[in-house]
Amino acid sequence: MKKVLLLLLMATMFIALPAVKSYAIVTQDTTATAPPDDIVFTEVGSAQDSAANSAIKDSVKKDTAKVEKATVASNAAPKQSLWVTFGLGLLAGIAAFFLPCIFPMVPLTVGFFTKRAESRAKGIRSAIIYGLSIIVIYVGLGVIITLIWGASALNEISTDGFFNIFIFLILIVFGVSFLGAFEITLPSSFVNKLDAKSDAKGLSGIFFMAATLAVVSFSCTGPLIGTSLVAINTDLLTPVVVMFGFSLSLAVIFTMFAIFPSLMTGLPKSGGWLNSIKVFLGFLELGLSLKFLSTADLAYHWGILDREIFLAIWIVLALILGVYLLGKIKFSHDSDLPYVSVPRLFIATATFVFAIYLIPGLWGAPLKAVSALVPPLSTQDFVIGQDSGASQANTPGHAKRKYSEFLHIPHNIDGFFDYQEALAYAKEVKKPLFLDFTGHGCVNCREMEARVWSDPRVLKKLKEDYIVVSLYTDDKTSLPVAEQFDSKILGTKVNTVGKKFKHLQAERFNTISQPYYVLLGTDEKELVSPPIGVEFDIDKYLQYLDNGLSEFAKKQTNE
C-alpha cells in the first residue's frame, strides 16, 4: 500500500509541477482601436526617438524629485507564493526520503539512537535534537545563499539570460545523474570526518550524525534542492523557506522512526522501486530545464526553442517515461521488472495522457494548463487557421510600432512596446494608458495573461478602453548608443531595451516587480493608487480597471 501511495505522489508531482493551473476562457476577439492614419511614429535610433528617450529621463526625474533615494522592491511574488515555496520544499523532502541515498539510512539512524539511548526519555530528547539539527543544517544553507547574493541580486540573476542557461545545464546534469549515468558525490574524506565525529557523546555527536546524513545523501538531495530553488521566482526568502520545508519533511520522518523504531516494520524493503522513483525525478528535471532555456531564448531572441520544439521535447519525454514505467526500457542501475503493478500502470497512463494533451499544441492549441511555462504562441511557426504562423495577430493597418518586430502582446491586443510612443497616441485619442511591466521569464505574467486577460470582460476593456503598452524589463535587445545612459537607481548602464524600462519602473514607481500594472492618465499621473501586481480574482481586476476609467473620465470633465 505504501508503494502505491508513494508512486501516486510521484505522479502528482510530475503532472502538477509543469501544469500551472489556468482555467480562463480563451476568446479570439479581434476588436481593436486603430490609430488615425495621419499619425507618424518615430523609428528606432532616429533623432526624434532619441529626443523621446530624453523626455523619459527628464519626466522621471521631475516626478521623483522629492525622493532622495528610492528603495527598489525585489521581484515580489503573490501572497501565496511563500506557501507554494514551502509546499514545494515539503514535497521535495518527502520525495528525497524515498530515494536510494536516504531510504536505506533509516535502519542505521534507528540503530544509532537505540545504541545511545540510556532511557526512553533521553532517547526521545536525542531524536528531537537530531530532527532540529537537520532543520538547522539545511536552513543554515538557505541563509548562507541569501547572505551571499541578497534579494536584489537574486532577482537580477533570476531574469538574466546566461544565468538561465547555467540553470538549464545544471538541471540537465541533475536529470542525467538521476537516470543513472553517474552520481554526484562529495569527497569521501569529508564524509569520513563527519562520520567519525558523529560517534562523539552529547549534542555534538547528534549534530554531526545529522550532518553526515546531509552529506551522504547529497547525490540525491542536491538535485532536488537545486530544482526546488529554481522552480519558482527567486526572492529574499525563497532559499530559506525551501530549505525549511525540505528539512522539515526529513526531520519529522527520521525523528518519528528514531522515537518509534517499531514503525520500521511497516516500511517496504529497499529494491528496484527506489531507482524507479529516481528515474521518474530525472525525467521531471529534464522537462523543467527547458523552461530556463526558453527564458534565455526569448530574452535574447535566438529563436532556437520555438513553442512547437519545446512541446515536442516534452511529448517525447512523457512518452519515454511512460514506456519506462511499463518496463519496456531498462537503465543500468535498474533491476528486472517481472510484472507491471497497478500503480505503475496508472502512472504510465497519466504520462501518456499528458503527452496526448500536449500534441494539439503543435498546431496552435492554447494549452492553458501549461501556458505559463511553455513559450508564447507568437513563437509558433504554424497555427491552424492562420495564413502565417509568424504572428498571432493579423497585420494591423497602421505604421509599424517600435519594437513590434520582436515583442508581442497576447490575445491580439493591438498595443505598444514603448512608453513615449504609447503616451503620444493616448493623448491623440484621449484614452488612459495601461502600463504592463512584464518580462519574458515572468511565469506570473503568463499566468495573468492566460487566466485574467483572456476573460471577455477584461479583454474588451484592454482592447477598447485603454492604450496597452507592454514594457519588457528583461529584454536583451541592445539600444542604440545615443539612447544609452547610466542609471543611478539600478547601478548599471542602461544599454538594452529591458534595462530602459526597468529603469523607468524603478525610478518612477519604486519597484522592479513583474507583473506590475499601472493606470495612467494622459498627464502621466496615476489614476488608481497603488498599482497592482498579481491578481487572479477577475472581479477585483475588473474593478481596478473600472476605477481607472472613472478617474480618467472625471479628469476629462474637469479639463
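**Loop residues, sheet and nonpolar cores**

His 411 is found in the loop that runs between helix α13 (342–358) and helix α14 (419–429). In this predicted model, His 411 has a positive phi of about 60 degrees, although His 411 is not a glycine. The residue that bears this backbone angle counts as buried, because the relative accessibility of His 411 is 12% and buried means under 20% relative accessible area. Asn 412 lies in the loop between α13 and α14, and for Asn 412 a positive phi of about 60 degrees is likewise found although this residue is not a glycine. With a relative accessibility of 16%, Asn 412 also counts as buried.

His 411 is in contact with Trp 453, and the other contacts of Trp 453, leaving aside its neighbours within four places in sequence, include Ile 409, Pro 410 and Ile 413. Further along the chain, Trp 453 is in contact with Phe 434 and Asp 436, with Met 448, with Val 458, Leu 459 and Leu 462, and with Tyr 517 and Tyr 541. Trp 453 is one of five residues, together with Leu 433, Phe 434, Leu 435 and Tyr 541, that touch the most other members of the largest nonpolar core, which holds 49 residues. At least two residues of this core are supplied by each of α14, β1, α15 (443–453), α16 (456–464), β2, α17, β5 and α18. Among the contributors, α18 gives the most, with six residues. Apart from this core lies another one, of 23 residues, which includes Leu 305, Phe 310, Trp 314 and Leu 358. In soluble globular proteins, nonpolar side chains tend to be buried together.

Strands that contribute to the largest core, namely β1, β2 and β5, also form a sheet. This sheet is open, consists of three strands in the order β2-β1-β5, and has mixed pairing. Its edge strands are β2 (467–472) and β5 (516–520), each of which pairs on one side only. Neighbouring strands of the sheet are turned by 20 degrees against each other on average, when direction is ignored. Strand β1, which spans residues 433–438, pairs with β2 in the parallel sense over six bridges, and Phe 434 stands opposite Val 468 in β2. Helix α18 (residues 538–558) packs on the sheet, where it touches β1 and β5, and the direction of α18 makes about 25 degrees with that of β5.

Two cis peptide bonds can be described in relation to strand β5. One joins Gln 514 and Pro 515, with omega about 0 degrees, and Pro 515 is found in the loop between α17 (497–509) and β5. Another joins Ser 529 and Pro 530, again with omega about 0 degrees, and Pro 530 lies in the loop between β5 and α18.

A further feature concerns a polar side chain within a helix. Ser 133 lies in helix α5, which covers residues 120–158. Ser 133 is buried, because its relative accessible area is 6% and the limit for a buried residue is under 20%. A polar atom of the side chain of Ser 133 lies 2.7 Å from the backbone oxygen of Ile 129.

Terms used: Residues are numbered from 1 along each chain as its sequence is written. This is a predicted model: local features need pLDDT of at least 70, side-chain atom pairs count only at pLDDT 80 or more; totals for chains, interfaces and linings use all residues. Side-chain values use heavy atoms; hydrogens and water are left out. Two strands pair if DSSP finds at least two bridges between them. Helices (H or I, at least four residues) and strands (E, at least two) are DSSP runs, numbered from the N terminus. Axes are lines fitted to C-alpha atoms, for helices over the stretch in contact, and angles run from 0 to 180 degrees between N-to-C directions. Contact means heavy atoms within 4.5 Å. Buried means under 20% relative accessible area, exposed over 50%, partly exposed in between (1.4 Å probe, protein chains only). A polar contact is a pair of N or O atoms within 3.5 Å; within protein, one must be able to donate a hydrogen and the other to accept it, and residues adjacent in sequence count only if both atoms are side-chain atoms. A nonpolar core is a set of buried Ala, Val, Leu, Ile, Met, Phe, Trp, Tyr and Cys residues joined through side-chain atoms within 4.5 Å.
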